Amino acid sequence: MVGVPASEVLTGWAVESPGPIQDGPLVRVRRAVASPGPGELLLRVEACGVCRTDLHLAEGDLRPHRASTVPGHEIVGRVAAVGESVTGFRVGDRAGGAWLRSTCGHCRYCRAGRENLCPASLYTGWDSDGGFADVALVPADYAYRLPEDQDAVLLAPLLCAGIIGYRALRRSALPPGGRLGVYGFGASAHLAAQVALAEGARVHVLTRSARARELAAGLGASSVGGAYDRPPEPLDSAILFAPVGDLVPVALEALDRSGTLAVAGIHLTDIPVLDYRRHLFEERNLRSVTSNTRQDGRDFLDTAARIGMRVTASPYPLGRADQALSDLAADRVNGAAVLVPGPRSRPRPWADRYLSGTAAGRTGIRTGRGEFDERPAWRRPLIQRQPPGRLRRTAGRCAGVSHEEPDGSRRVHARAEGNGHDHRTEITHADATRIPGNETLEDTARCMSGQSDHH
Ligand SMILES: [Zn+2]
Ligand SMILES: [Zn+2]
């Protein structure tokens, strides 16, 4: 073993007794971490995405495989130590730990390149401790190499939301230039939709969340509507991301002849009785998606880099993992929630958007001076603002984060709190206020927070 820390202590969260999220099934833990065994990497966690599966594990929709397990399977970390016989990673490398943790390698599925169906497969954060912690052990053979030059918060959602969404897209058998329906639009859907769009599909997004509809429209969806609405044209393919069985017949009915519906989630509420003629006849197909292969992961990560995947993430300090799960349960997360360890990280519960691999090839925000601020969001100065007509200043304060769209316009995410109110709003493109080019972010922040009174 190389790069051995003498004794490593893990600080994080574990699922003690699964139950409703408001009952606090996640508890803080501190425990010793074993040195990496043969083939293992010890990662110092830079960021860990929060997946709906973590919520299912915390709430007991998925039965625990072992007691007091640390959830989290979208782990971006730096290799702090490597076990014996590890090849492909060295201390200091960036590595990604994902949901699929190991497979047997010799069953009929593994031999046929379908390791996602291996009956002996194990999963990160279910069969072993995951990434809701500052350190994590992952098997090197199932870890992904990740780009060194991207923000860890951007990369984390790719590791499950992205990979599973990609497999779901492939399972939906979308033909080239086809018509795709996307039901539910969270972390996974917003990434899969971009792959489909990049491949020339017309994408129709159906979701109950107004903010998610806005995100979908901004990414180029041809139409957006409510979860139970009928898309404006028959679909070749549909993916059900929402864990809602009631939507299965709704999505099947929206399919054209021989269309395919793929159910992306690991858990689904009961599916109502189907009517053969309305929902399945005319050779419509209903498919599930089970985990992923490592090849899916590599294909997706390559695709994400190639198309300049744009990731919408809401960073939370690791210490607020319980809040992140509550927000996910209540549909309050825009895009993907991502936990960031670090003693000094502060709560940043509003959505922040990053651009990845776009024409600029960089992530960050344009500052008032026209400079590009590439610091991660939590290291940037806050812009506090009071957008006219949308957020009323109360006894509390308004705060927002702005960034530049690819077309050069500004987009602002804002949040108001005070007087018992705590609402967030995402100001639409048209409403976004252009911040004068001669003002710095700090000046703007001062003026918007009322320290200057010319507003
Ligand atoms: Zn997941
Ligand atoms: Zn196997």
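Two strands are said to pair when DSSP finds at least two bridges between them. With that idea in hand, the sheet of this predicted model can be read strand by strand. Strand S10 and strand S13 (residues 235–240) meet this condition, pairing in the parallel sense over 4 bridges. One of the links can be followed to individual residues: Val 182 has Ile 239 as its bridge partner in S13. S10 is also joined to strand S11 (residues 202–206), to which it runs parallel, by 5 bridges. Here the bridge partner of Leu 180 is Val 203 in S11. To get from S10 to S11, the chain passes through helix H5 (residues 187–198), and the resulting β-α-β crossover is right-handed.

These pairings belong to a wider arrangement. The strands form an open sheet of 6 with parallel pairing, in the order S12-S11-S10-S13-S14-S15. At the edges lie strand S12 (223–225) and strand S15 (285–288), each of which pairs on one side only. On average, and ignoring direction, neighbouring strands of the sheet are turned by 15 degrees against each other. Helix H5 packs on this sheet and touches S10, S11 and S13, while its direction makes about 160 degrees with that of S11.

Strand S10 (residues 179–183) deserves a second look. It is largely enclosed by the rest of the structure, because 5 of its 5 residues are buried. In a regular strand, side chains alternate between the two faces of the sheet. In S10, Arg 179, Gly 181 and Tyr 183 point one way, Leu 180 and Val 182 point the other way, and all are buried.

Turning to the helices, H4 (residues 161–171) and H9 (residues 294–307) pack with their axes 9 Å apart and at an angle of about 100 degrees. That angle makes H4 roughly perpendicular to H9. The contact brings Gly 162, Ile 163, Tyr 166 and Arg 167 of H4 to Asp 296, Gly 297, Asp 299, Phe 300, Thr 303 and Ala 304 of H9. By class, this contact of H4 with H9 has 4 nonpolar, 3 polar and 3 charged residues.

Helix H1 (residues 52–59) is mostly covered, with 6 of its 8 residues buried. These are Arg 52, Thr 53, Asp 54, Leu 55, Leu 57 and Ala 58. The buried residues of H1 pack against strand S1 (8–15), strand S2 (26–33), strand S3 and helix H10 (321–329). Just after H1, Gly 60 takes a positive phi of about 85 degrees.

Strand S3 (residues 40–50), one of the partners of H1, also holds Cys 48. Is Cys 48 buried or exposed? A residue is buried if 20 or more other C-beta atoms lie within 10 Å of its own, and Cys 48 has 37 C-beta neighbours inside 10 Å, so it counts as buried. Leaving aside residues up to four places away in sequence, Cys 48 touches Gly 72, Glu 74, Ile 75, Gly 131, Phe 132, Ala 156 and Leu 339. His 73 lies 25 residues from Cys 48 along the chain, and the C-alpha atoms of these two residues are separated by 7.1 Å.

How values were computed
Residues are numbered from 1 along each chain as its sequence is written. Chains are lettered from A and ligands numbered from 1 in the order in which they are written. This is a predicted model: local features need pLDDT of at least 70, side-chain atom pairs count only at pLDDT 80 or more; totals for chains, interfaces and linings use all residues. Axes are lines fitted to C-alpha atoms, for helices over the stretch in contact, and angles run from 0 to 180 degrees between N-to-C directions. Helices (H or I, at least four residues) and strands (E, at least two) are DSSP runs, numbered from the N terminus. Angles under 35 degrees count as roughly parallel, over 145 as roughly antiparallel, 65 to 115 as roughly perpendicular and the rest as oblique. Two residues are in contact if their C-beta atoms, placed from the backbone, lie within 7 Å. Ala, Val, Leu, Ile, Met, Phe, Trp, Tyr, Cys and Pro count as nonpolar, Asp, Glu, Lys and Arg as charged, and the others, Gly among them, as polar. A residue is buried if 20 or more other C-beta atoms lie within 10 Å of its own, exposed if 12 or fewer, and partly exposed in between; C-beta atoms are placed from the backbone. A crossover is right-handed if, with the strands pointing away from the viewer, the path from the first strand over the helix to the second runs clockwise.
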